[in-house]
Amino acid sequence: MLNNREISDRFEVQINTLYNWQKSKPKLYAYLQHADYNKERNKEINVLLEYYSKSINKDFSVEEIHYIINSDINPHTIEEIEDLHKIFITLEAKNLSIKSDFLLKIYDKFHTMNIIEKYIFYKKVFRIRDKESSYSKEKIELYFKEYLVS
């Protein structure tokens with residue numbers, strides 16, 4: 001548990017403000033006090049997700065993943081990630097008449113994924129969108145190796 005000085009230094013918050021938050025925003029103050037614990041807990045969860053990702057065996061093509069990266073799909077909640085297949089097909093409904101086989105294959109792959117596989121997949125989509133200016137075949141193969149056809 002962090003003391004007020006440590007919280008102040010780490011989050012650049014005045015100590016007087018922290019004393020005020022202790023009374024006016026007790027949940028925020030408690031969260032800041034436990035920031036080290038929360039950081040360690042998140043690190044453990046990320047390690048577990050990375051470990052789990054090694055057991056994923058899906059059959060996306062580079063072309064399918066490239067299409068998904070460039071799509072408008074952008075879930076923000078766990079519920080939206082759970083419904084990734086429904087959100088995807090809804091967004092792509094206008095393209096179904098031209099690319100039905102291609103889009104329905106992606107839909108089926110999303111539909112068969114469990115919530116953890118969908119979560120890891122979408123985090124990878126988010127990461128590559130955020131960090132990369134272009135999505136070469138090599139970059140997609142690197143980011144999505146566990147999701148690609150073996």
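A residue counts as exposed when its relative accessible area is over 50% and as buried when that area is under 20%, with partly exposed in between. E12 has a relative accessibility of 73%, and therefore counts as exposed. The structure described here is a predicted model.

**The loop residue E12**

E12 is placed in the loop that joins α1 (4-11) to α2 (15-24). Its backbone has a positive phi of about 55 degrees, although E12 is not a glycine. Most residues other than glycine have a negative phi.

**The main nonpolar core**

In soluble globular proteins, nonpolar side chains tend to be buried together. In this model the largest nonpolar core has 26 residues. F60, I65, I68, F110, F121, F144 and Y147 are the members with the most contacts inside that core. Two or more residues each are given to the core by α5, α7, α8, α9 and α10 (137-143). Helix α9 provides the largest share, five residues. A second core, separate from this one, has eight residues, among them L2, I7, V13 and W21.

Two of the well-connected residues of the largest core can be followed through their contacts. I65, setting aside residues up to four places away in sequence, touches F60, F121, I140, F144, Y147 and L148. I68 belongs to helix α5. With a relative accessible area of 1%, I68 falls under the 20% limit and is therefore buried. Beyond its neighbours within four places in sequence, I68 is in contact with F60, I73, F88, I106, F110, F121, V125 and R129. One of these partners, V125, is 57 residues away from I68 along the chain, yet the two C-alpha atoms are separated by 7.9 Å.

**The bent helix α8**

Helix α8 covers residues 96-112, 17 residues in total. Its end C-alpha atoms are only 20 Å apart, whereas a straight helix at 1.5 Å a residue would reach 24 Å. The helix has a kink of about 50 degrees, centred on F102. F102 is itself buried, as are L103, I106, K109 and F110. The buried residues of α8 pack against α5 (62-69), α7 (84-91) and α9 (115-131). Two of them, I106 and F110, are among the contacts of I68.

**Helix α9 and the largest pocket**

The largest pocket has a volume of about 160 Å³. Its lining consists of N46, L49, E50, S53, Y119, I120, K123, K124 and R127. The elements that give two or more residues to this lining are α4 (35-53) and α9. Helix α9 gives the most, with five residues.

Which lysines line the largest pocket? They are K123 and K124. K123 lies in helix α9, and K124 is found in that helix as well. K123 has a relative accessible area of 35% and is partly exposed, whereas K124, at 8%, counts as buried. Apart from neighbours within four places in sequence, K124 is in contact with Y143, F144, E146 and Y147. F144 and Y147 are also among the residues with the most contacts inside the largest core.

**A35 in helix α4**

A35 is found in helix α4. Its relative accessible area is 11%, and A35 is buried. Not counting residues up to four places away in sequence, A35 touches L2, R10 and F11. L2 is included in the second core.

**Separations along the chain and in space**

The table sets three pairs side by side, with C-alpha to C-alpha distances.

| Pair | Separation in sequence | C-alpha distance |
|---|---|---|
| I68 and V125 | 57 residues | 7.9 Å |
| A35 and Y119 | 84 residues | 24 Å |
| K123 and Q22 | 101 residues | 34 Å |

V125 is a contact of I68. Y119 and K123, from the other two pairs, both line the largest pocket.

Terms used:
Residues numbered from 1 in each chain as written. Predicted model: local features only at pLDDT ≥ 70, side-chain atom pairs only at ≥ 80, totals over all residues. Heavy atoms only, no water. Helix = DSSP H or I, 4+ residues; strand = E, 2+ residues; numbered from the N terminus. Expected span 1.5 Å × (residues − 1). Bend = angle between axes of the 7 residues up to and from the residue. Buried < 20%, exposed > 50% of the residue type's maximum accessible area, 1.4 Å probe, protein only. Contact = heavy atoms within 4.5 Å. Core = buried A, V, L, I, M, F, W, Y, C linked by side-chain atoms within 4.5 Å. 1 Å grid on protein atoms, 1.4 Å probe; cavity = no way out; pocket = protein on both sides within 12 Å on 5 of 7 lines; lining within 4 Å. Points joined across faces, edges and corners; volume = space filled by probe spheres on them.
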